[in-house]
Every structure is written in structure tokens, then in C-alpha cells.
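Here are some worked exercises to try with the structure open in your viewer. Have a go at each task before you read the solution.

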There are 2 protein chains.
Amino acid sequence: MKVEGKHYRTIWEAGSGGFAIEIIDQRYLPHDFVIERLITLDNFCSAISDMHVRGAPLIGITAAYGIYIAALEIGNNPHFDDALLNASHSICKTRPTAVNLEWAVNKMLQSIHDEFSVDKKLSALLNTARRLADEDIANCISIGNHGFKIIEEISKSKFGQQVNILTHCNAGWLATVDYGTATAPIYKAFDNGIPIHIWVDETRPRNQGARLTAWELNSHGIPHTVIVDNAGGHLMQHGMVDMVIVGCDRATRQGDVANKIGTYLKALAAKDCDIPFYVALPTSTIDLNLTDGIAEIPIEQRNGDEVRYVEGLSDGKIREVLIPPESSPAANYGFDVTPARLITGLITEKGICNPCEEEIVKLFQSNK
Amino acid sequence: MKVEGKHYRTIWEAGSGGFAIEIIDQRYLPHDFVIERLITLDNFCSAISDMHVRGAPLIGITAAYGIYIAALEIGNNPHFDDALLNASHSICKTRPTAVNLEWAVNKMLQSIHDEFSVDKKLSALLNTARRLADEDIANCISIGNHGFKIIEEISKSKFGQQVNILTHCNAGWLATVDYGTATAPIYKAFDNGIPIHIWVDETRPRNQGARLTAWELNSHGIPHTVIVDNAGGHLMQHGMVDMVIVGCDRATRQGDVANKIGTYLKALAAKDCDIPFYVALPTSTIDLNLTDGIAEIPIEQRNGDEVRYVEGLSDGKIREVLIPPESSPAANYGFDVTPARLITGLITEKGICNPCEEEIVKLFQSNK
């Protein structure tokens, strides 16, 4: 996507004299556009756990490049494979919920399975990381094409009146390598002249909606309005939302979906108000090993200070302000699980399917 | 309630040499405890519309004293009644959703119906305002007694294990003259030795939960944890909430309830997870003229900057920080309506009833 006229991915290879990766350090958006260079495994682990990058697909790609950097650090070492396995464990521990992390790390480890020399292993790892990044973009484009048809249908049924779409958190290009998952159909609809307007849930506690999604939509000129996470139900009750699209951090084989905390509440309201609720995700986000999302998907708990303190711009500086009394503790659950029964459909790169085991498994068997 | 050992109401008569009212200016809590003196009708209108005081019952009592102050301003005037009616219109326009405002103003106007001299009118108005304030306290105590029994039952059914109660916004003593509506049963349960823990929704956009409810519970020593408004559904799915109690700004004769934006989402989750969802309110909050809450209750829209900017403590100073991009607009709906079908019961000063027309009307006929 373009940032002030220049094309960016969220992660790219950089560096003259030594391999390095650069990312957009998303902690400073929308008020500062900061690029960070990652050159050690530790850099990668911090970038993921401290959320310089976030979003399941982007976490996966960052981890893939992290494994390659770890391999470069290990270098020509008789215990190369063991050392790389250790590095994999470190990076997999950074965040527990998004399955793409584990998925990407496994793809990387599989890619060197048949290689014996360290040189060949290094080159296989780099090729795999590059391939995963390119596939992520292709997947997002496909998700955009499939999801576009849904928005187009709604637009027709409204006789060309503005389509109002609600989204939670950021499943935009900042959550992927480019284009985004939930936003890909939105960008495509806008670029194809369908009049749309996006309700942007601010998405407490880290405000990825207000900070990242609003920034993305602004950059692209898409009409949008920021709302508190509390507001969606009221808007849906009053016919002000035509559809909901969100991203996903891990889905189960029966179609339960873990996504940013609060997604479940919006899905309940959509169901109650008879509004279609779609989840956009690459199939790499589906964990076929799991069935019951509420019982089985691990939910990350983060520091309560992310709830207690809010960061923003004040007098031209980024500052943190404390909201509750100093002595009041806070809990910080990162995700919740939306049961399949509340979901209208899953928009994947392989097409749209109902959130049920039969259709999800069939998706994996298709060659599309 | 006590603030650092000293007993306070949220509103009281003050002033030597001229009548005045003092309030706790709640905009500065929890970081500053500021008392404001109100001496003109304009002071009262600003105090309500700019939310120095908030909460349906307290808005009502503030309006009542505001009418008395307006009457003092009008003084010995042949057009006293017309002038007071004008003042009533001004104060009724300050906030549209809480019906207690209109209710209290009507009680004030009715009280001078049979008085002819301005002196007698003034004394009737002062007596009425005082009576309404005292009744508000008595009502909260009654609500506490009725609601206490529900908590006691849950505690018994959990064999004395901690009862986890979720509340949204502030329906505490800061929303009334004293004790609170939703919090009255909580204070009583705690004071009677029932082990309780409160999940405090921070309640965006104005954070009345994190700022006011947490401050109240802290002052009273009640175990609590602040959470983002997004978190309640996850907690309910995982058995971490035993009941929900919220306040109310206006209820209809069929039991639909307008309360702080986001209440509807919590009610949906409680229903989905089979958790009792109670609304605590004095009967003055029930508007027998209305039936369908979603269609009929007016929902206040406030300035979008209340969503875009967050206020808190930074380096010992209260500051505002901007969250989204400067150019992203925000919408700010103050309330939503929870349909009666999602509500387990209404806890009123006259007892607990089901949210249905038959029982609500019967409540008004009872002499309790």
C-alpha cells in the first residue's frame, strides 16, 4: 500500500553489507511513521512480543524471517539443526494465540528437511521466507476478490446506496504483508466505485482500530468513522450496519474463531440484529488440530498496564496517561472466541465457506 | 459514602450568606477530588450537560435543586410561573436520555401548583428538592436490600466461594445522592461479609467505570479488576462472571432499558452464557409513557472528540491525548437500549420484578 505516495510492504529485506529486515514499527502509528531494522533473533522476538508488528499473517511472516536470521546467527555449526530448533522454540513462545506463528516456523523447518549443507539450508530458508511473504500477498488479493462479491451483492440490494461495514481491530494491510484480510474486500470495493463507509471499532486496549485501521483508511481516502467498542450494537439495532468483517488469529476445524477481544460481542449483536458477520482469513490461520475454540484455543493474557495507560498525542508529543486510580488492578485478555454458530461465512483465499467442519476440510482438499 | 474518612453525599446545600449547592465535580476523579459550587441556573445547566454530575438519579436531584435556584433568581416577579417554566425547559434540554431529569422537574413544578405567594412557592420548592434527595437515598438503600438477597443466594449456591459481579459504567453512589443503584447490593454484600469481586468495565468513551466505579470500590476496599469493555464476553464464556448488575437511564413500561452505550452487548453475552443480568433502578427511572425502547427512547449524541481524546494522569498532570489520526472523525452515541427479553430482573426500591408490562405496572400500584 502507499504511504504518502510511496509503496510499502509491512516487512521487507534491507541492508547493504549484511542481511537485515525492516518493518514498520506500528507502535507509533498514526502519529509517527517509524521504520525499524531487525538484525538478531532477539530483535525479532521483541518485535513480535512487544507488538511492533501484529496481526496473525504478519506475525507468521516476521517469524519466518526471524528463523532465517537465527540461522545466519548460528552459521556454520555442527549443531545447526538443534540450535535452529531452539531458536524456533524462542520465537514460538512470543505470542500464543495466532497459529500462523507456529505454522510459518514449521514451514521453515520443513524446508531444510532434505538439505545437508548449512549453505543449502540457509538458501532454502531464505527462499521459503520469501515465498511465504509473496503467498501472503497473493492470499490477501484472493480474499479481496472473494469478499468483494459479497459487498457488491449488498450494494445491489441497497440499489447503490452506501454500504456500511463494521470492522474490529486491524485486519488491514498492517496485519499482513500487504492489502490485509478483512480490509482487502473493502479496498477492492472502494477502488471499484462502490460507495462504502467503514465503522472503525477503536479496539481497546491497544486501539488498533482507531490507530491503525483509521490511518490505513485515511491514507486510502475511504470514508470512515471511529467508534468506541461499545457502540456497534446500537448501530446494528438501528440499521446503520450492513455487514461486519473481521480478521482472525486462529480458527478451528469446526469454524470457531479466535480474534481480538470483543469480536464475540459484535458477533452476538450481528446475530441478534440479523446482520451478516464474515471472518476473512488465509487458510494458514485454520488450525485443523483443534475443534472446540472456547475450550482449546490458548488466549494470551498481557500486562494490565496496557489497559490502565492509554497512549496518544498531546502537545505534539506521544504520551501515556493513566485512567483508573493508581491502586486499581486491571486484567488484559488479548482475544476471545466467536463460536461458529454466530458466523455467516469464512472468506479465505480458496473461496468462501460456511463455518463447519465438512466445508472447512473440503477447502483444504481443494487445489485452488 | 466516605472519602478519606469524611462522609459525603454527591450534592449538598452549602453557603453562608446566600443559598448555594455544592457538588463533587466528577470530571476530575479519580485523580483529583474537586468540589464545585453552583449558584445560578446556568451553573446547573453546565454541570449537567458537561457531566460534572452524571447518572440518572443524580441528574434528577441536581435538576430539582437547579429549579429552586432558578426560582431564587426569578424572585418576586409577577411572571414567576412563566419564568420558572422557561427555566424548566432550559434544564430539561441539557441531556435527553435520562428520564429522571424530566421527572424531577415535573415534581418540582407540581409542588407549587397550589401555592400563590412567591415565598410559599420558594419554600415548597426547597422542601421538594430536599425530599427528593432524601427519597433517592432511601430508594438506594431499598435497592441494596433487595439486590443483596440475589447475591446472597449466588454465594450460597457457590458454597461461599467468591461471587464475581460484572458492572458497566458507574451506577454507584456517584450516580445518585448516596449508596448507588447497581452498587448498593454490592456494598451491602461486602459489608455483610460475602466474598465478592467486581469486574469493572472501563466504559468508553468517558471511562466512568475505570475512573468512578474503580475509585468508589477502592475507597470502600472492595476487590475489583478493571477490564476493557471488550472483555466481558470472554469472561462470561469461561465461567468468570456469576452475575451482571447495571444501572439505567430510562426504562419503558415493557421493561426495555436504556443505559450507557455497550450495555446491550453485555446483556447479549450474559444471555448467551446463561448468566443472570439485573438492572437496578428507582421507579422514577421508569417511563410509563414509552413501550418500545429501541424505537422510542431518545439516544444522546455527544461530541466525537470525547471518543478521539482520552484524559488521564501523566507526570502528575491531567492531560488529554489524541488516539486516532487528527483527520479521522468519530461518532459518540451515549446510550443503547437493552430489550427486556435479555434482562433477568429489575431491582427497584419496591422490590424485584420481571421486565414485563404486567409486573412493572403492578409495581407502581403497590404502596411499598
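**Exercise 1. A salt bridge between the chains**

Take the side chains of Glu202(B) and Arg204(A) and work out what kind of contact they make.

Solution. Start with the distance: in this predicted model, N to O comes to 2.9 Å or less, in fact 2.6 Å, for Glu202(B) and Arg204(A). The cut-off for a salt bridge is 4 Å between a side-chain nitrogen of Lys or Arg and a carboxyl oxygen of Asp or Glu, so the pair qualifies as a salt bridge. Now widen the view: four salt bridges turn up across the interface of chain B and chain A.**Exercise 2. The chain B side of the interface**

Describe how much of chain B meets chain A, and which parts of chain B do the touching.

Solution.
1. Count the contacts: 64 residues of chain B touch 64 residues of chain A.
2. Get the area: about 5,000 Å² is buried between the two chains, and carbon and sulfur atoms give 60% of that.
3. Look for the top contributors. Asn230(B), Leu265(B) and Ile323(B) lose the most area to chain A, and together they make up 14% of what the chain B side buries.
4. Add the polar side of things: 32 residue pairs are in polar contact between chain B and chain A, both partners at pLDDT 80 or more.
5. Now go by element. Those giving two or more residues to this side include helix H7 (208–220), strand S8 (224–227), helix H8 (232–237) and helix H9 (263–272) of chain B. Strands S14 (309–314), S15 (317–322) and S16 (335–338) of chain B are also on that list. H9(B) gives the most, with six residues.
6. Finish with composition: the chain B side splits into 35 nonpolar, 17 polar and 12 charged residues.

**Exercise 3. Two domains in chain A**

Find the domains of chain A and characterise the interface that joins them.

Solution.
1. Set the bounds: domain 1 of chain A covers 2–135, and domain 2 covers 159–365. Their centres, taken over C-alpha atoms, are 25 Å apart.
2. Count the residues: 34 from domain 1 of chain A are in contact with 34 from domain 2 of chain A.
3. Buried area comes to about 2,800 Å² between these domains, with 58% from carbon and sulfur atoms. On the domain 1 side, Arg54(A), Thr97(A) and Val99(A) supply 22% of the buried area, more than any other three residues.
4. Search for charged pairs. One salt bridge crosses the interface of domain 1 and domain 2 of chain A. Looking at side chains, Glu300(A) and Arg95(A) meet in a salt bridge at 2.9 Å, N to O.
5. Polar contacts across the domain interface number 19 residue pairs, both residues at pLDDT 80 or more.
6. Which elements give two or more residues to the domain 1 side? They are strand S1 (2–3), helix H2 (56–74) and helix H4 (99–111) of chain A. That side holds 18 nonpolar, eight polar and eight charged residues.

**Exercise 4. An open sheet**

Work out the strand order of the four-stranded open sheet in chain A, then pick out its edges.

Solution.
1. The order reads S13-S10-S11-S16 in chain A, with mixed pairing.
2. Strand S13 (286–287) and strand S16 (335–338) of chain A each pair on one side only, which makes them the edge strands.
3. Zoom in on one pair: strand S11 (residues 257–260) of chain A runs antiparallel to S16(A), over four bridges. Lys260(A) stands opposite Phe335(A) in S16(A).

**Exercise 5. Backbone oddities**

Check the peptide bond before Pro30 in each chain, then the phi of Thr203(A).

Solution.
1. In chain A, a cis peptide bond joins Leu29(A) and Pro30(A), with omega about 0°. Pro30(A) is in the loop between strand S4 (20–25) and strand S5 (34–38) of chain A.
2. In chain B, the bond from Leu29(B) to Pro30(B) is cis too, with omega near 0°. Pro30(B) lies in the loop between strand S4 (20–24) and strand S5 (35–38) of chain B.
3. For Thr203(A), phi is near 70°, a positive value in a residue other than glycine. Thr203(A) sits in the loop between strand S7 (196–201) and helix H7 (208–220) of chain A.

**Exercise 6. A link across the sequence**

Explain why the pair Glu306(A) and Arg206(A) ties together parts that are apart in sequence.

Solution. Begin with the total: there are 38 salt bridges over all chains. The side chains of Glu306(A) and Arg206(A) form a salt bridge, at 2.7 Å, N to O. Glu306(A) belongs to helix H11 (residues 305–308) of chain A and Arg206(A) to the loop between S7 and H7 of chain A, so the pair connects parts 100 residues apart in sequence.

Notes
Residues numbered from 1 in each chain as written. Chains lettered and ligands numbered in written order. Heavy atoms only, no water. Domains from an automatic or database assignment. Contact = heavy atoms within 4.5 Å. Buried area = accessible area lost by both parts, 1.4 Å probe. Polar contact = N/O pair within 3.5 Å; in protein donor to acceptor, adjacent residues only side chain to side chain. Nonpolar A, V, L, I, M, F, W, Y, C, P; charged D, E, K, R; others polar. Pairing = 2+ DSSP bridges.
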